[in-house]
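Grab a pencil and work through these exercises with the model open beside you. Try each task yourself before you read the solution.

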Amino acid sequence: MIEVIFMKAEFKEQYEKLGLNIVYYRKRKKLTQLQLAELADIDRSHISAIELGNVGASLDVIFKLCEVLDITPKTLFDFRD
């Protein structure tokens, strides 16, 4: 089940930074979007939208992504400048 979280425009930059972190840790694990989506049990297009910062993600999705990527949520939200 895909749960789309609509975001406020004022937080667009933070969503984009979150997406960049997901891309970074996904690539560090040498996973494609499709592989990550399958491991996290979500649609590949949803992974793409999250990585691009176009949609938000529920905490359930965040926790699952962290589990698959072997990182903590704190790590995922540690935005670089």
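Helices here are DSSP runs of H or I with at least four residues, numbered from the N terminus. Keep in mind that this is a predicted model.

**Exercise 1. Find the residue just after H3 that takes a positive phi, then look for positive phi in residues other than glycine.**

Step 1. Go to the end of H3: just after this helix, Gly-53 has a positive phi of about 75°.

Step 2. Recall the usual rule: most residues other than glycine have a negative phi.

Step 3. Now for residues that go against that rule. Lys-30 is not a glycine, yet its phi is positive, about 60°. Asp-70 is another non-glycine residue with a positive phi, near 60°.

Step 4. Place them both. Lys-30 sits in the loop between H1 and H2, while Asp-70 belongs to the loop between H4 and helix H5 (73-76).

Step 5. Check how open they are, with exposed meaning over 50% relative accessible area. Lys-30 has 73%, so it is exposed. Asp-70 has 56%, so it counts as exposed too.

**Exercise 2. Work out whether H2 and H3 are roughly parallel or roughly perpendicular, and list who meets whom.**

Step 1. Start with the axes. Helix H2 (residues 33-40) and helix H3 (residues 44-51) have axes that come within 8 Å and cross at roughly 110°.

Step 2. Angles from 65 to 115 degrees count as roughly perpendicular. H2 and H3 are therefore roughly perpendicular to each other.

Step 3. Add the handedness: H2 and H3 make a right-handed crossing.

Step 4. Look at the side that H2 brings: Gln-33, Leu-34, Leu-36 and Ala-37. Across from them, H3 brings Arg-44, Ile-47, Ser-48 and Glu-51. Sorted by class, this contact holds four nonpolar, two polar and two charged residues.

**Exercise 3. Do the same for H2 and H4.**

Step 1. The axes of H2 and H4 are 9 Å apart, and the two helices pack at an angle of about 115°.

Step 2. H2 and H4 are therefore roughly perpendicular to each other. Their crossing is right-handed.

Step 3. On the H2 side you'll find Leu-36, Leu-39 and Ala-40, which meet Lys-64, Leu-65, Val-68 and Leu-69 of H4. The class count for this contact is six nonpolar, no polar and one charged residues.

**Exercise 4. Is H3 mostly covered or mostly open, and what covers its buried residues?**

Step 1. Count the buried residues: six of the eight in H3, so the helix is mostly covered, with buried meaning under 20% relative accessible area.

Step 2. Name them: His-46, Ile-47, Ser-48, Ala-49, Ile-50 and Glu-51.

Step 3. Look around them. The cover includes H1, H2 and helix H4 (59-69).

**Exercise 5. Which residues of the largest nonpolar core touch the most other members?**

Step 1. This core has 21 residues, and those touching the most other members are Ile-22, Leu-36, Leu-65 and Leu-76.

Step 2. See where the core comes from. H1, H2, H3 and H4 each give it at least two residues, and H4 gives the most, with six.

Step 3. Zoom in on Ile-22, which is in helix H1. At 1% relative accessibility, Ile-22 counts as buried. Beyond four places in sequence, Ile-22 touches Leu-36, Ile-50, Glu-51, Leu-65, Leu-69 and Leu-76. Ile-22 and Glu-51 are 29 residues apart along the chain, but their C-alpha atoms are separated by 6.3 Å.

Step 4. Move to Leu-65. Leaving aside neighbours within four places, its contacts are Ile-22, Leu-36, Ala-40, Ile-42 and Ile-47.

Step 5. Tie this to a general idea: in soluble globular proteins, nonpolar side chains tend to be buried together.

**Exercise 6. Compare two loop residues, Leu-31 and Asp-43: where is each one, and how buried or exposed is it?**

Step 1. Leu-31 is in the loop between helix H1 (12-28) and H2, whereas Asp-43 is in the loop between H2 and H3.

Step 2. Leu-31 has a relative accessible area of 16%, so it is buried. Asp-43 has 37%, so it is partly exposed.

Step 3. Check who touches Leu-31. Not counting residues up to four places away, the list is Arg-26, Leu-36, Leu-39, Val-68 and Leu-69. Leu-31 and Leu-69 are 38 residues apart in sequence, with 9.2 Å from C-alpha to C-alpha.

Step 4. For Asp-43, use Gln-33 as the partner: these two are 10 residues apart along the chain, and their C-alpha atoms are separated by 9.3 Å.

Definitions and conventions: Residues numbered from 1 in each chain as written. Predicted model: local features only at pLDDT ≥ 70, side-chain atom pairs only at ≥ 80, totals over all residues. Heavy atoms only, no water. Axes fitted to C-alpha atoms, helices over the stretch in contact; angles between N-to-C directions. Parallel < 35°, antiparallel > 145°, perpendicular 65-115°, else oblique. Left-handed = near helix turned anticlockwise from the far one by under 90°. Contact = heavy atoms within 4.5 Å. Nonpolar A, V, L, I, M, F, W, Y, C, P; charged D, E, K, R; others polar. Buried < 20%, exposed > 50% of the residue type's maximum accessible area, 1.4 Å probe, protein only. Core = buried A, V, L, I, M, F, W, Y, C linked by side-chain atoms within 4.5 Å.
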